[in-house]
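Good morning, and thank you for making time for this item. I should like to take you through one structure and ask that you keep the display in view as I speak.

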Amino acid sequence: MDIGIDGRIDQRSTVNAGAAQNDMLRSARFRVERETHWRQLDELVTRAEQGGAAALGYDEVRNLASGYRQAMNSLSVARDISLDRALIAYLESLCARAYLVVYAPQESLGGLTSRLLRHGIPQAVRRSALPLFIGFLALILGAAAGYRLYESDPSWFYTFVPPEMADQRTPDASADYLRSTIYGDEGQQDSDRLAAFSAFLFSHNTSIVVLIFTLGVFVSVPSFILTFYNGLILGAFFAMFARKGLGYDVFAWLSIHGVTELAAIAIACAGGARLGLAVLLPGTRTRKEALRHQAHDAVKLAILAALMLVVAAFIEGVLRQLIQDPTSRLIIGWGVGLFWIAWLTLGGRGGKTPREAVR
């Protein structure tokens with residue numbers, strides 16, 4: 001067979017062919033000497049992947065660790081002496097799988113979620129006293145300002161409340177019409193419409209909370225302003241109904257879902273405030289390090305706000321429409337509020353989970 005165009009190339013090709021044969025022999029010898037250990041490690045890794053490390057006995061776990069070290073050593077040697085690529089690829093795959101089994105957290109998604117709910121979120125909330133104070137302060141100040149401004153001049157209502165939100169509920173509306181928007185015939189709506197209404201409310205409120213949380217990185221100022229603005233809407237809205245003699249009715253109407261929804265907005269503001277404070281007051285850390293440190297708790301606050309919005313959307317879209325009695329609305333709204341307080345103040349206490357492990 002002609003493999004070149006002259007004798008010089010034929011000679012070099014012959015040398016290359018001989019080197020290739022030597023590499024194959026060397027690879028085969030290397031494989032034979034260590035293949036038994038690799039197969040044993042492969043079997044242990046496969047069993048751990050299927051049933052977790054708990055599926056292995058004490059001696060097997062020890063063999064898994066030693067087998068992982070041997071496989072890493074074999075991979076290093078194989079790379080140094082340039083053995084065949086198939087062998088190197090096999091060892092890389094085996095070592096990567098063994099690494100995940102040995103070093104990756106051995107916890108299911110359900111376990112992580114349970115630990116987050118039982119320890120992570122409640123502890124993050126208790127570590128966020130100042131940001132939470134900022135969030136609720138912005139909301140309360142906004143509500144008080146909105147109420148006072150409306151009392152001094154009802155035309156402020158049109159400045160604060162967007163027309164699509166107000167609909168026909170304006171200062172010019174009659175008391176009977178405003179009462180009908182609180183009670184009306186909403187209880188007659190079918191389940192599909194209530195579900196669609198819940199989804200719309202969740203989407204709308206989520207966009208507000210995401211905006212409040214993410215803008216907190218700019219020294220917390222945008223988050224505070226947005227939360228304050230939501231308070232202005234709340235105060236003006238309440239003042240309008242109260243002036244018509246419907247203060248108790250609108251308070252109950254707002255309480256059934258507002259206790260959870262407004263708390264979620266304030267908590268999202270607190271999450272953004274944690275990011276903003278990290279930028280504004282990094283302490284002994286660099287701003288990048290402080291931001292990364294504060295992000296652990298800030299993200300947990302954002303998750304909590306999202307969870308509360310889901311609950312608020314269900315209450316607002318379904319329960320508020322079905323329950324027309326104001327006393328029942330108050331009991332449900334503030335009862336859910338007490339549940340949040342109990343969970344966040346009592347959760348994650350007295351357990352054996354280390355504080356840093358849940359950050």
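I shall go from the overall fold to the cores, then to a pocket, and finally to the aromatic pairs.

Please bear in mind throughout that this is a predicted model. The chain contains 13 helices and 0 strands, so that, by the DSSP assignment, the pattern read along the sequence is α-α-α-α-α-α-α-α-α-α-α-α-α. Of its 359 residues, 38% are buried. Among contacts with a separation of 6 or more, 77% join residues 24 or more positions apart.

One example of such a link begins in helix H1, which spans residues 7-51 and includes Asp42. The C-alpha atom of Asp42 is 9.3 Å from that of Cys95, a residue 53 positions away along the chain. Once neighbours within four places in sequence are set aside, Asp42 is in contact with Tyr90, Leu94 and Arg97.

Let me turn to the interior. The largest nonpolar core comprises 23 residues, and Val125, Ile267, Leu304 and Met308 have the most contacts inside it. Two or more residues of this core come from each of H4, helix H9 (191-214), H11, H12 and H13. Which element provides the largest share of this core? It is H11, with 8 residues. Met308 deserves a closer look: apart from neighbours within four places in sequence, Met308 is in contact with Thr260, Ala263, Ala264, Ile267 and Trp340. Another core, of 20 residues, lies apart from the largest one, and includes Phe160, Leu178, Leu232 and Val250.

Next, the pocket. The second largest pocket has a volume of about 740 Å³. Its lining consists of 28 residues, and those nearest its centre are Phe136, Val259, Leu262, Ala263 and Trp334. Ala263 thus appears in this lining and also among the contacts of Met308. At least two lining residues are supplied by each of helices H4 (109-126), H5 (129-152), H10 (221-243), H11 (247-280), H12 (287-322) and H13 (326-346). H11 gives the most, with 8 residues. How is the lining of the second largest pocket divided by class? It has 22 nonpolar, 5 polar and 1 charged residues.

I come now to the aromatic rings. The count is 11 aromatic pairs. One of them joins Tyr147 and Phe238, whose ring centres are 6.2 Å apart and whose planes meet at 40 degrees, a tilted arrangement. This pair links distant parts of the chain, since Tyr147 belongs to helix H5 and Phe238 to helix H10, 91 residues apart. Are these two residues buried or partly exposed? Tyr147 is partly exposed, because its relative accessible area is 31%. Phe238 is likewise partly exposed, at 25%.

A second pair, Phe157 with Tyr158, is edge-to-face, with 5.9 Å between centres and 90 degrees between the planes. Here the partners fall into separate classes: Phe157 is buried, because its relative accessible area is 1%, whereas Tyr158 is partly exposed, at 45%. Both Phe157 and Tyr158 belong to a cluster linked by ring pairs, together with Tyr150, Phe237, Phe241 and Trp253.

To close, I would return to helix H11. This helix gives the largest share of the largest nonpolar core, and H11 also gives the most to the lining of the second largest pocket. Thank you.

Methods:
Residues numbered from 1 in each chain as written. Predicted model: local features only at pLDDT ≥ 70, side-chain atom pairs only at ≥ 80, totals over all residues. Heavy atoms only, no water. 1 Å grid on protein atoms, 1.4 Å probe; cavity = no way out; pocket = protein on both sides within 12 Å on 5 of 7 lines; lining within 4 Å. Points joined across faces, edges and corners; volume = space filled by probe spheres on them. Helix = DSSP H or I, 4+ residues; strand = E, 2+ residues; numbered from the N terminus. Nonpolar A, V, L, I, M, F, W, Y, C, P; charged D, E, K, R; others polar. Phe/Tyr/Trp six-rings, centres within 6.5 Å; stacked < 30°, edge-to-face > 60°. Buried < 20%, exposed > 50% of the residue type's maximum accessible area, 1.4 Å probe, protein only. Contact = heavy atoms within 4.5 Å. Core = buried A, V, L, I, M, F, W, Y, C linked by side-chain atoms within 4.5 Å.
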